[in-house]
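Here are my notes for your bench discussion, set out as numbered points. Please read them with the sequence and the structure open beside you.

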Amino acid sequence: MMNKKLTVSAPGKLMLLGEHAVVYDRPCLVTAVSQRMRVMTELINEPTLLLDAPDVNVVGYKKLLSELGKGEIPKGAQFVEIAVKNFLDKYPFKQGINITTQSEFSSQFGFGSSSASIVCVLKALSEATNSKLTNEQLFDLAYKTVLDIQGKGSGFDVAAAIFGGTLYFTTGGRIIEPVNTADIPLIVGYTGIKADTKTMIFEIEEKKKTYPEKINRIYDAIAKITEEARQKILEGDWKRVGKLMDFNQEYLRDLGVSSEKLEALISAAKRADAWGAKLSGAGRGDCMIALASSEKRNAVSNAIKKAGGEVVPVTPNAPGVRVETTDNQDEVFVVVDRDDNVLGYKTRWECHHDPSLIHRTVGALIFNDKGQLLLQKRSMTKDMEAGLWGISAAGHVTRGQTDEEAVHLELQEELGVDMPLTFWKKFISEEPDETERDVAYKGMSNGPFHPNAEEVAEVRFFEICELKLHIASRRIQLTEGAIKTLQEVKIL
Ligand code: MEV
């Protein structure tokens with residue numbers, strides 16, 4: 001394992017219907033929101049966790065990996081520390097890790113900053129150690145982390161952070177199913193009061209012990225409402241979903257988890273003609289949500305503000321956890337026919353998702369005076385084939401660039417060098433998701449090279465026979481493009 005720098009992000013969440021009941025084997029509906037948690041990680045040589053989480057007042061926190069989970073843990077550091085500990089227990093590694101978290105939303109909103117940070121940390125560790133956890137494995141580890149800290153909880157928040165979109169979810173992730181909806185006409189009002197989920201869950205647990213029948217009846221009713229709401233969301237019947245939210249709120253009131261402030265915002269929204277409104281999450285604070293037609297949206301928002309709420313702009317259905325790429329997906333590439341005549345221009349994203357769009361790429365093969373070939377290991381933040389070995393330098397030709405300009409720029413950007421290059425071969429390279437028109441150039445240099453850490457994790461000269469052995473024994477893995485280029489110029 002080497003020093004890998006990664007940025008991972010995961011969305012916040014909003015509970016739509018079914019809170020509390022979902023802790024006890026009933027379903028809920030949750031949507032991932034566009035505000036994201038970002039976690040930057042770097043493996044370090046000392047076996048230590050270093051943590052900066054300024055949003056929750058944790059700065060310069062340091063703990064030996066062997067001590068994780070032991071002794072005093074500041075509240076803001078708990079989720080990250082236990083996530084790292086749980087990962088290490090299952091997938092041991094020797095290096096330490098430096099983590100910085102940064103949130104696009106206040107940890108006060110109840111958007112799930114803790115669960116989103118757990119998910120980001122586990123995803124980053126999975127990537128950095130090449131453990132390749134599936135989303136299901138990620139969920140199990142993240143849910144365990146929540147339970148270790150909170151004692152109880154449904155896991156709906158980690159599911160939203162991992163899978164994104166809008167989900168139908170049952171306790172412990174027994175069922176996690178997407179609910180396909182283009183948009184949700186949602187308005188979110190923050191009460192200004194932080195809810196304490198752990199305390200609320202335990203308060204309700206005590207109530208459930210004293211009045212089991214009453215609480216179970218409430219949960220069954222909420223489950224029924226949630227099932228119907230799932231269907232109505234699919235049908236786009238927001239009026240009915242609003243009504244169901246109102247019914248859900250009545251039961252939450254019965255449970256005793258509403259509050260004066262929540263009720264004030266909810267009734268203000270209703271008076272302004274919202275289709276429905278309810279609290280969202282544990283209750284007694286955090287946010288309320290309302291559904292309203294586009295004509296009533298402003299009136300409902302203003303009514304919530306007037307009642308003392310802060311309207312939080314939110315786009316639902318956000319994508320789940322992802323490694324952030326340093327590649328700009330909107331960069332414009334040159335699209336050509338098989339004879340290299342320019343046909344037009346398309347974005348990086350379009351070219352990489354449509355094999356009919358042949359786009360221009362260039363590559364340099366650099367040899368030293370011993371005849372060894374320089375290869376580069378792609379950084380973990382590349383959008384394609386991250387961590388695999390490529391030729392010395394390679395890249396795309398963007399709109400307005402010649403092949404020569406592009407290849408020299410790649411040398412400078414990726415390796416921090418430039419040198420005379422000679423044309424070697426032009427060819428078409430076909431891969432499952434994309435088709436490239438490639439030009440290979442040849443250069444001579446003994447270095448030194450100054451690889452750009454954002455693009456290149458490592459560079460190394462290889463004897464050609466050594467390279468062939470490494471490939472055969474799978475000690476190193478080349479990108480599809482590198483294999484094709486090396487075959488075209490008859491090195492492989
Ligand atoms: C808290 O946001 C929602 C609860 O249902 C707890 C949980 O599902 O883990 C109260």
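**Notes on the predicted model**

1. The domain assignment divides the chain into domain 1, residues 5-311, and domain 2, residues 332-488. The C-alpha centres of domain 1 and domain 2 are 42 Å apart. Please keep in mind while reading that this is a predicted model.

2. On the overall build, the secondary structure of the chain amounts to 13 helices and 21 strands, and the C-alpha trace spans about 80 × 55 × 35 Å along its principal axes. Of the 492 residues in the chain, 47% count as buried. Where contacts link residues at least 6 apart in sequence, 69% of them join residues at least 24 apart.

3. One element worth following in detail is an open sheet of four strands, which has the order β9-β10-β8-β11 and antiparallel pairing. Its edge strands are β9 (276-280) and β11 (310-311), each of which pairs on one side only.

4. Starting from the β9 edge, β9 and β10 (residues 287-291) pair in the antiparallel sense over five bridges. Within this pairing Ser280 stands opposite Cys287 of β10, and Lys278 stands opposite Ile289 of β10. The hairpin of β9 and β10 has six residues between the strands, and in this hairpin Gly281 takes a positive phi near 110°.

5. Moving inward, β8 (186-190) and β10 pair in the antiparallel sense, again over five bridges. Leu186 stands opposite Leu291 in β10, while the bridge partner of Gly189 in β10 is Met288. Towards the other edge, two bridges join β8 to β11, and these strands also run antiparallel; here Tyr190 stands opposite Glu310 in β11.

6. Why can β8 be described as largely enclosed by the rest of the structure? Five of the five residues of β8 are buried, so the description follows from the count. Both faces of β8 are covered, with Leu186, Val188 and Tyr190 buried on one side and Ile187 and Gly189 buried on the other. β10 is likewise mostly covered, since five of its five residues are buried: Cys287, Ile289 and Leu291 lie on one side, and Met288 and Ala290 on the other.

7. Two helices lie across this sheet. Helix α7 (residues 238-255) lies across β9 and β10 and runs at about 45° to β9, whereas helix α9 (residues 297-306) lies across β8, β10 and β11 and runs at about 10° to β8.

8. Which residues are around the ligand? They are Met15, Glu19, His20, Val22, Val23, Gly153, Ser154, Phe156, Thr197, Ile201, Gly281 and Ala282. By class, this shell has six nonpolar, five polar and one charged residues. Gly281 in this list is also the residue that takes a positive phi in the hairpin of β9 and β10.

9. Val121, found in helix α2 (residues 113-128), is a buried position, because 31 other C-beta atoms lie within 10 Å and 20 or more suffice for that class. Leaving aside neighbours within four places in sequence, Val121 is in contact with Val39, Val80, Ala83, Val84 and Ile99. Val121 and Gly400, by contrast, are 279 residues apart in sequence and 40 Å apart in space, C-alpha to C-alpha.

10. Ala394 lies in strand β18 (residues 393-396) and is buried, with 26 other C-beta atoms within 10 Å. Apart from neighbours within four places in sequence, Ala394 is in contact with Thr361, Val362, Gly363, Glu410 and Gly481. Ala394 and Gln150 are 244 residues apart in sequence and 49 Å apart in space, C-alpha to C-alpha.

11. The contact between Ala394 and Gly481 leads to helix α13 (residues 480-488), in which Gly481, Ala482, Lys484, Thr485 and Leu486 are buried. The buried residues of α13 pack against β15 (358-367), β17 (389-390), β18, β19 (422-430) and β20 (435-444). After α13 comes Lys490, whose phi is positive, near 65°.

How values were computed. Residues are numbered from 1 along each chain as its sequence is written. This is a predicted model: local features need pLDDT of at least 70, side-chain atom pairs count only at pLDDT 80 or more; totals for chains, interfaces and linings use all residues. Domain bounds come from an automatic or database domain assignment. Two strands pair if DSSP finds at least two bridges between them. Two residues are in contact if their C-beta atoms, placed from the backbone, lie within 7 Å. Axes are lines fitted to C-alpha atoms, for helices over the stretch in contact, and angles run from 0 to 180 degrees between N-to-C directions. A residue is near a molecule or strand if its C-beta atom, placed from the backbone, lies within 6 Å of it. Ala, Val, Leu, Ile, Met, Phe, Trp, Tyr, Cys and Pro count as nonpolar, Asp, Glu, Lys and Arg as charged, and the others, Gly among them, as polar. A residue is buried if 20 or more other C-beta atoms lie within 10 Å of its own, exposed if 12 or fewer, and partly exposed in between; C-beta atoms are placed from the backbone.
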